[in-house]
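Subject: Handover of a two-chain model

Dear colleague,

I am passing on the structure we spoke about, and I would be grateful if you could look through it with the notes below at hand.

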Amino acid sequence: MIDPAWVSGLAAILFIIGLWGAFSRKNAIVVLMCIELMLNAVNLQFVAAASHWGDVTGWVYAVFAIAIAAAEVAIGLAIFLSMYGQHETISLDEVNLLKN
Amino acid sequence: MSDKTVEVFSTDFWQAFAPELVLVFGLVLIFIIPNLGNSKFRIPLTKVKVPWFLGGRRFKLTGSPAIPGMLATATLFTALGMMVIETIDGNSSATTVTSGDVVLLQIDNFSRLFEIIFLAAVLLASMASLDRVPANTFAGKKSLNEMYDNRRQADFYILMLTTALGMCTVALAQDLFVLFVGLELASLATYVLVGFHKESKAGAESGVKYFIVGSVASGIGLYGLSLLYLEFGSLQLATLSANWENGSILGTIALGLVLVGFGFKVSAAPFHFAAPDAYAGANSPVAGVLATASKAMGMIGLVRVLLVVALPGSESDESAVWLYTLATLSVVTMTWGNLAALGSKNPKRMLAYSSVAHAGYMMAALTAVGAWKWGEVDAPAEYAEAIVAAVLFHLFVLVAFKLGAFLVLALLEMEGGASRLSALSGLAKRDPLIGTAMFIFMLALAGVPPLAGFMSKFLVVAGIVSASIGELSTNGSVSFSELHWIWWLALAMFINSAISVFYYLRIGVVMFLDVPEEGRRKPLPYGASIRMAIWICLVATIILGLSGDTLIDMCYRAAESLNLG
């Protein structure tokens, strides 16, 4: 069996990639994918911690986190679609009407 | 006080959660009632048709677009009334909900007070939305009636009730993960509410911005939770606070990540950038809910994580790092919010920045409690409770005057947008009552006595100052150098309040002295229920400032049930 520490390490790397991507990318869909990457890192971490502690709660947390992530994608895509309908672009740096 | 423990889904459980059940029931009703129709269901393989009232041609009575709003308002009113009756006399006992040996939820004075704040804010907002269309008639593409008749009425109120339900979960949660699930439920609903104006460019844009920043923040918070779980093997508040001292540096890092998630909700300094955009694009009642209820929800997170989990018994140096960070952030938040509000030409953005500043004041108060907890200040426990009670009082009265100000803007939005300061010009001449109400809200926000805003700011500042003096005052004279450094936070609040008076009064000047702009000379649109919501806010602002004793007692009881000492 893989040592949970390796899984946590992978989770940390995934999380940092996701965070970096969410801040640096301009395409809304790619940003959404990066957010998903972060949430998947959370799942991995929960599962790793659960097997580290031998505690079922961690797996339950992971299942809930998956459900949250699914809801977030559904809402995110709907919001992006409505943005595309108005601005005809999903590039985040071209959408900047709101100012002081 | 007779505390009791109930198993989840037992009979006592349903009894204890009657107000929340009312919310769920109302939510289901709003799903079903607009869809009632004359459809029939054919039993497969036969020709027998049984009436199946969902779908088909909708009944005229239940299909009316006004129904969802009324249902939502009635539901919220019932739930709020049940909670107020339960809490106001002060002998409500704590009920803990467990599943096995896991503590999930707890009903006590603290959670009930916050639920009252949430439900009051959402109730006022949904009342105000009753006779104004949640969808704007931008560019005149559709008539007001068309927009009003569309099916999105039901969606709007479903989302409102979902927000309220998620916030209630946050208030009740005794497990950090349950808290986060509630936070997500409320946030996901608010993302859609912010982007609800999908006919306008501003609405779509603000929805996207709020969604992206919000979900990145909650992703970071969730990762922090998973690290906490890795460190301690449980996310129970009780377990976490008991084991906190034995934690390593990982626990401190995890705490920081969790605080990012909540910091976004209260719109604290580095994470406040999305707030003004979101408020500007959302319709005003929704923006009001974001500025009051959503902020209170983030504050619960901060209180639970900082005061309940991270503080007890921690006198180590790593914890002190958080104290200094929090103090710095609170000063940066209030100053940044106020300076940005000074330069803002859009009343909605101005209110958004002012709510950033208010977040800073509340964080300063939390820092003072933290300093007391870390044993840096020599003061009895009542001082800390007084500060927490002041924060709760502040969150409560914010619903009265901040939401009230947003509702006045909502009234202006009914005649086409309130995104420029000039939209307010001459308001006092066009409608003296509404103009005066707006002026009183502004005075309350600035903290002018005898309004509720003065009372709340006074309590917070007095709490911080008395905590910084602490036991020293019993010796007779206090020398300046003996004061704890949290005294400077009170000073920063004073200076910031002085700055904020400028932009609050600017609105008053514009309303009373300027000439109404072209096309806005007619009287304001009528809107009976929105005006009623404004009057409720106005009366609450004045009454709670003059005699808020009942509410202050409630806040004290809530602070006591946190068991800080």
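The notes that follow go through chain A, then the sheet and a helix pair in chain B, and then some individual residues.

Please keep in mind throughout that this is a predicted model, and that the values given below are computed from it.

Chain A

Chain A holds three helices and zero strands, and its pattern along the sequence is accordingly written α-α-α. Its radius of gyration is 17 Å, whereas a compact globule of 100 residues would have one near 13 Å, and the box that its C-alpha atoms fill along the principal axes is roughly 50 × 25 × 25 Å. As for burial, 42% of the 100 residues of chain A count as buried, and of the contacts between residues at least 6 apart in sequence, 54% join residues at least 24 apart. The chain exposes about 5,300 Å², of which carbon and sulfur atoms supply 72%.

One residue of this chain that you may want to display is A:F64, which is found in helix α3 (residues 57-87) of chain A. A:F64 is partly exposed, because its relative accessible area of 42% falls between the limits of 20% and 50%. Leaving aside residues up to four places away in sequence, A:F64 touches B:F177 and B:V181, while A:N43, which is 21 residues away from A:F64 in sequence, lies at a C-alpha to C-alpha distance of 9.2 Å from it.

The sheet in chain B

In chain B, three strands form an open sheet in the order β1-β4-β5, with mixed pairing. Its edge strands are β1 (4-7) and β5 (102-107) of chain B, each of which pairs on one side only, and the twist from one strand to the next averages 30°. The mixed character can be followed strand by strand: β1(B) and β4(B) run parallel and are joined by four bridges, whereas β4 (residues 95-99) of chain B and β5(B) run antiparallel and are joined by five. If you wish to check the register, B:T5 has B:T96 in β4(B) as its bridge partner, B:T98 is partnered by B:V103 in β5(B), and B:S99 stands opposite B:V102 in β5(B). The hairpin of β4(B) and β5(B) has two residues between the strands, and there B:G100 takes a positive phi near 65°. Four of the five residues of β4(B) are buried, so this strand is largely enclosed by the rest of the structure.

Elsewhere in chain B, the residue B:V48 lies in the loop between β2 (40-42) and β3 (49-51) of chain B, and it counts as partly exposed at 46% relative accessibility. B:V48 touches B:F41, B:R42 and B:I43, again not counting residues up to four places away in sequence.

A helix pair in chain B

Helix α4 (residues 109-128) of chain B packs against helix α21 (residues 549-560) of chain B at an angle of about 135°, and their axes are 7 Å apart. That angle makes α4(B) oblique to α21(B). On the side of α4(B) the contact is made by B:N109, B:F110, B:L113 and B:I116, and on the side of α21(B) by B:M554, B:C555, B:R557 and B:A558.

Backbone points to check

Most residues other than glycine have a negative phi, and most peptide bonds are trans, so the following places deserve a look in the backbone. A:E88, in the segment after α3 of chain A, has a positive phi near 55° and is exposed, with a relative accessible area of 62%. B:S267, in the loop between α10 (249-265) and α11 (274-281) of chain B, has a positive phi near 50°, but B:S267 is buried, with a relative accessible area of 2%. Lastly, the peptide bond from B:P449 to B:P450 is cis, with omega near 5°, and B:P450 lies in the loop between α17 (432-446) and α18 (452-469) of chain B.

With best regards

Definitions and conventions:
Residues are numbered from 1 along each chain as its sequence is written. Chains are lettered from A and ligands numbered from 1 in the order in which they are written. This is a predicted model: local features need pLDDT of at least 70, side-chain atom pairs count only at pLDDT 80 or more; totals for chains, interfaces and linings use all residues. Side-chain values use heavy atoms; hydrogens and water are left out. The radius of gyration is taken over C-alpha atoms; the globule rule is 2.2 Å times the number of residues to the power 0.38. Buried means under 20% relative accessible area, exposed over 50%, partly exposed in between (1.4 Å probe, protein chains only). Contact means heavy atoms within 4.5 Å. Accessible areas come from the Shrake-Rupley method with a 1.4 Å probe; for residues, only the protein chains shown count as cover. Two strands pair if DSSP finds at least two bridges between them. Axes are lines fitted to C-alpha atoms, for helices over the stretch in contact, and angles run from 0 to 180 degrees between N-to-C directions. Angles under 35 degrees count as roughly parallel, over 145 as roughly antiparallel, 65 to 115 as roughly perpendicular and the rest as oblique.
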